[in-house]
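Visitor: I should like a close look at a single part of this model, with the criteria stated as they arise. Please then continue from there to other parts in one connected account.

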Amino acid sequence: FFFLMIRRPPRSTQSRSSAASDVYKRQVHGEAYFREFIKNMMRYLSLETSMHRLVYTSVTFMILFTAYNGVQSYIPSVYQKIGYSNLGNVSLFAVYITYGIASLIAKSIVNRLGFRNALIVGAGQYLFGILASVVMSFCGAEEPSGFCGNLIFVYLFNFIAFSLLGFGAAILWNAHGGYIDSIAPKEDRGRYFGIFFTILMFAAILGSILPAIIFYVSTLQAHFIIMLIIGSVALAMFFYIPNTPNPGVSDTVEALLGGPASILSRETTLSETIQQMISTAKEEAIRPWLYFMFLYGWTTAFNYGFLYKFVERCFPEDISHTELGVQIAKMFFFFSLGQMISPVMTGKSIDKDGSWKTATRLVLVYFSMFGLALLNLLATNYMFTLVLGFACGLGESAMQTLLSGMISKDFGGRLELFGLFRGIYASTTAAGFTILIILSGLPTIFVPTLFLSLIHIFEPTRQAE
């Protein structure tokens, strides 16, 4: 090295003034780049464009559902391991039955509060369910006493907390549909919903990776406390979402129904809302889509109320709840990968080929899910379970994107149709959890789901797009 330095030709040296000038130039350029960076960041944080609003809203939802997925995916197995056999499924039943009922009045609440305030109220209700899981994580003693030993109080406490969560979910998702529809260009509504759900599905990945890490290095209590903190951060972020005028009324709806926005968004009674939903469900163009709304609810109940049992069957009964939680987290990681892949593809397919062609392709994805599930019942194999998790995530996320994009693109983002969709989905999911509670351990959720799919395959094509 020394001889190479000797042989190297001498370097030219700059005068002090020249070197100082270069330093000054670098400082000037650095300050200019920094000012430009700050300017762009402030422009982005001001949420001036619709895409900026979409990304910020999507990230906020993603953080909230990172916390909720970290609770929803694990309470059936964790509650069972700490001695409360069906408490997890009862809690999720409370979420979806309240969600379904509250969907009847969600439109009126959103119209009264406006989109941003409705999103804040809905997101805040999620913290009740997460807080209940924190409390229950301290009830793992072999002989529980006090609150933990009183089953009536335990079940009532969880039912109330998760019912509040379900009430908030109805408001949150009804406002979400109208908000995304209001900021999306007409020609890109499918793509906007696809982008939203793609970003949102990062929550499923984080909601599976974080528990696996936490279960390895810490305790069950720490896991649920961290989820509560993450949910609180998301709630604070909802306060910065820009509001949009005339909630519940898009330009397409106004053109279809006629009349000014103030008349279209007037307060309606509960009976009027129910009649609107019934008349909406009877519309010839909407009736074929009711099948997909039911199917989405059935499979959601299966994914969050029964899918973890495939993991349990692969391991001995004496496995600790911490180790079991890690294995379930791995399966839900593959589930979340499937959820991430499908939204953008589904959204592009809606914009390019139409909603109905996209829907008929999605039925084939659901059949592959059923085939893998039946294969897992016959042959207990952890690798098969991971593949099943991926397929279930792919189908669920694609269905959610399809229905939201269809309502926005084909029906002008009508809030009553978003309410009908969420109401049917939540009620069917609650019915699925009821079956899982009554017939605990049996894969009966497949029977109605597969039957509905077979009916659809033999249906004549309803629409030509």
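Guide: Cysteine 139 is buried, with a relative accessible area of 2%; buried means under 20% relative accessible area, exposed over 50% and partly exposed in between, for a 1.4 Å probe and protein chains only. This is a predicted model, in which local features need pLDDT of at least 70 and side-chain atom pairs count only at pLDDT 80 or more, while totals for chains, interfaces and linings use all residues. Residues are numbered from 1 along each chain as its sequence is written, and side-chain values use heavy atoms, with hydrogens and water left out.

Cysteine 139 is joined by a disulfide to cysteine 148, with an S to S distance of 1.9 Å; the criterion is a pair of cysteine sulfur atoms within 2.5 Å. The structure holds one such disulfide. Its angle about the S-S bond is -60°, making the link of cysteine 139 and cysteine 148 left-handed. Cysteine 148 also counts as buried, at 15% relative accessibility. Two further cysteines may be set beside this pair: cysteine 314 is partly exposed at 23%, whereas cysteine 392 is buried at 1%.

From the cysteines the account turns to a surface feature. Leu131, Val135, Phe147, Ile152 and Phe153 make a nonpolar surface patch of about 450 Å². Patches consist of residues with over 30% relative accessible area and no salt bridge, like charges being joined within 9 Å and nonpolar side chains (Val, Leu, Ile, Met, Phe, Trp, Tyr) within 5 Å. A salt bridge is a side-chain nitrogen of Lys or Arg within 4 Å of a carboxyl oxygen of Asp or Glu, and accessible areas come from the Shrake-Rupley method with a 1.4 Å probe, where for residues only the protein chains shown count as cover. Helices α6 (115-136) and α7 (151-183) each give two or more residues to the patch; helices (H or I, at least four residues) and strands (E, at least two) are DSSP runs numbered from the N terminus. One of the patch residues, valine 135, lies in α6 and is partly exposed at 31%.

The aromatic residues come next. Rings of Phe, Tyr and Trp (its six-membered ring) pair if their centres lie within 6.5 Å; planes under 30 degrees apart count as stacked, over 60 as edge-to-face and the rest as tilted. By this rule there are 25 aromatic pairs. In one of them, phenylalanine 61 and phenylalanine 65 are stacked, at 6.3 Å centre to centre with 5° between the planes. Both lie in helix α3 (residues 50-72), four residues apart, about one turn of the helix. Phenylalanine 61 is buried at 0% and phenylalanine 65 at 7%. Another stacked pair, tyrosine 296 and tyrosine 425, has its centres 4.4 Å apart and 15° between the planes. This pair links distant parts of the chain, 129 residues apart, with tyrosine 296 in helix α14 (residues 287-305) and tyrosine 425 in helix α19 (residues 415-438). Both tyrosines are buried. Phe61 and Phe65 also belong to one aromatic cluster with Tyr68, Tyr126, Trp173, Phe196, Phe197 and Phe238.

Finally, helix α17 (residues 355-378) has 24 residues. Its buried residues include Trp356, Tyr366 and Phe370, the last at 5% relative accessibility. The C-alpha atoms of phenylalanine 370 and alanine 391 are separated by 9.4 Å, with their positions 21 residues apart along the chain counted as their separation.

Methods:
Expected span 1.5 Å × (residues − 1).
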